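Q: Please pick one part of this structure and take a close look at it, then work outward from there. Keep it chatty, but stay with the residues.

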Amino acid sequence: DVLLSDGAEKNSKKTFSASYYGDLSGKKDIDDKASLDKIISELKNATYSVESVKKGERERKSYLPFTTSTLQQEAFKALNFSIQKTMRIAQQLYEGFEIEGEGHVALVTYIRTDSVRVADEAQKAARAYIGETFGSAFVPETPNVYRGRRNAQDAHEAIRPTDVTNDPKTLKQYLSGDQYKLYKLIYERFLASQMSDAVLEQTAVTFDANGVRFKATGSRTQFAGFSAVYTESRDADDEDVVQLPPIREGEQFEKESIDAQQKFTQAPPRYTEATLVRTLEEKGIGRPSTYAPTISTIVDRGYIMREKKSLVPTELGFAVTGLMKQSFPDVVDIAFTANMEEELDSIEDGSERWQSVIGEFYTPFMKTVEEASANAERIKIPDEVSDVPCENCGAMMVYKMGRFGKFLACPNFPTCRTTKSIIE
């Protein structure tokens, strides 16, 4: 990458990054370090001339209103709320507050849903409010109707404010800081879902620097649409956030710096609470009401632990997973879990009898349990040794997992019963 500038005075200089795009023959790979060093040497005194400027227009669709899973994911990204915290505060918003002049008011609709449907009355109220507040250009010609994912249950509509005129600012005095943040997120997301699409002008610029090509891409907003109210949390390297200065063909730019990096294929990142919820939903595992308890359970039982925002499996987690795969391969299979969800739906809608569904599963399952009880190996997880000596006997203490998390214990138990809490 090179950092280019328009050559203006220091205080008014506009800079942006352009990435290596190959040579004039079209070759885009650099074969070895010697070739790289040669290119960098030639670039040090090169002039960066604009070879081509291509512009296009793109519409960015409004966001869907929140379901349980998308609310959990976005609150994690935007507000740094755990899944459990999001559901606790959302429940408070659903149960409502005493509002002066209105009495007890529920601020949001039911919070456990995987539907993106919005009631006609709420949609009409939102469109009227948007027109009055932002202008007619922000109201789409036809109401925005969204299609939910396959197998989504439609008993409850999407999560939205119960009254679109209850602006977050007017309610702030009645809410705690966290309640206000979550209500504002739900309110703005719903309002944005009923607004016109945003219109972006996208620009792609190629530069020629002594026979070496570089490319920069960026965009600017032509019409804000729904983004006047709400923009979802995005990755920092998203190209849509890049702002390019006005650029014309033949124009020349100055080099500020060159950054050369060798990039390798990265291992997939660890799950966060948000990405785990998204994966559960994509795989058809669980329902809106089970995402938060699932994560809480595997943390509480010590199968995973939190490291910053990541969820990291423990030795116990690996051992239990291995045992389950060995003894209960059908039960821990993703396809089985998703299929069981569908069968439970069939029981609910009356197309299948629960006795036949449970009977078909239970008989072979109990046989597997009996076999596993008789034949499965007992697994002992070795203790992790710390660098803290026991105050009584001098042995190096080991890490143990208790109901309140990790603690230090003497390995000579029960002869020595010394324990210590871990202070972080």
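**The E9–E10 hairpin and its surroundings**

A: Let's start with strand E9 (residues 304-307), which pairs with E10 in the antiparallel sense over four bridges. Bear in mind that this is a predicted model. If you want one pair to anchor your view, take Met305, which stands opposite Val312 in E10. Two residues sit between the strands of this hairpin, and Lys308 takes a positive phi near 60°.

Now follow E10 (310-313) outward, and you run into the largest pocket: E10 supplies at least two residues of its lining. So do H7 (273-283), H8 (291-300), H9 (315-327), H10 (334-348) and H11 (354-375). The pocket's volume is about 1,600 Å³, and 33 residues line it. H9 makes the largest contribution, with six residues. To find the middle, look for Leu280, Thr294, Ile298, Thr321 and Val332, the lining residues that lie nearest the centre. Going by class, you'll count 21 nonpolar residues in this lining, plus eight polar and four charged ones.

Back to E9 for a moment, as Arg306 takes you somewhere else. Arg306 is one of the residues lining the largest cavity, together with Ile83, Gln84, Glu273, Ala292, Ile295 and Ser296. The cavity's volume is about 30 Å³, and a search of the whole structure turns up one cavity of 30 Å³ or more. H8 gives the largest share of this lining, three residues, and H3 also supplies at least two. The class tally here is three nonpolar, two polar and two charged residues. Notice that H8 turns up twice on this tour: H8 helps line the largest pocket and the largest cavity.

Ile83 is the handle for the next step. The axes of helix H2 (residues 68-79) and helix H3 (residues 83-95) come within 9 Å and cross at roughly 115°. The crossing is right-handed. On the H3 side, Ile83 joins Thr86, Met87 and Ala90 in the contact, while H2 brings Thr68, Leu71, Gln72 and Ala75. No charged residue takes part: the contact has five nonpolar and three polar residues. So Ile83 is worth keeping on screen, as it belongs to the H2–H3 contact and to the cavity lining.

Two other strand arrangements are worth a look once you're done with E9 and E10. One is the hairpin of E11 and E12: three bridges join E11 (residues 384-389) to E12 (residues 396-402), and the strands run antiparallel. Glu384 has Tyr399 in E12 as its bridge partner. This hairpin has six residues between its strands, and Gly394 takes a positive phi near 85°.

The other is a closed barrel of six strands with antiparallel pairing, in the order E1-E2-E7-E6-E3-E8. Neighbouring strands there are turned by 45° against each other on average, direction ignored. For a closer view, try E2 (residues 15-23) and E7 (residues 212-223), an antiparallel pair with four bridges. Tyr20 has Phe214 as its bridge partner in E7.

Key: Residues are numbered from 1 along each chain as its sequence is written. This is a predicted model: local features need pLDDT of at least 70, side-chain atom pairs count only at pLDDT 80 or more; totals for chains, interfaces and linings use all residues. Side-chain values use heavy atoms; hydrogens and water are left out. On a 1 Å grid over the protein atoms alone, a cavity is a set of points where a 1.4 Å probe fits but cannot get out, and a pocket is an open set with protein on both sides within 12 Å along at least five of seven lines; lining residues have an atom within 4 Å of a point. Grid points are joined across faces, edges and corners, and a volume is the space filled by probe spheres set on the points. Ala, Val, Leu, Ile, Met, Phe, Trp, Tyr, Cys and Pro count as nonpolar, Asp, Glu, Lys and Arg as charged, and the others, Gly among them, as polar. Axes are lines fitted to C-alpha atoms, for helices over the stretch in contact, and angles run from 0 to 180 degrees between N-to-C directions. A crossing is left-handed if the near helix is turned anticlockwise from the far one by less than a right angle, and right-handed if clockwise. Contact means heavy atoms within 4.5 Å. Two strands pair if DSSP finds at least two bridges between them.
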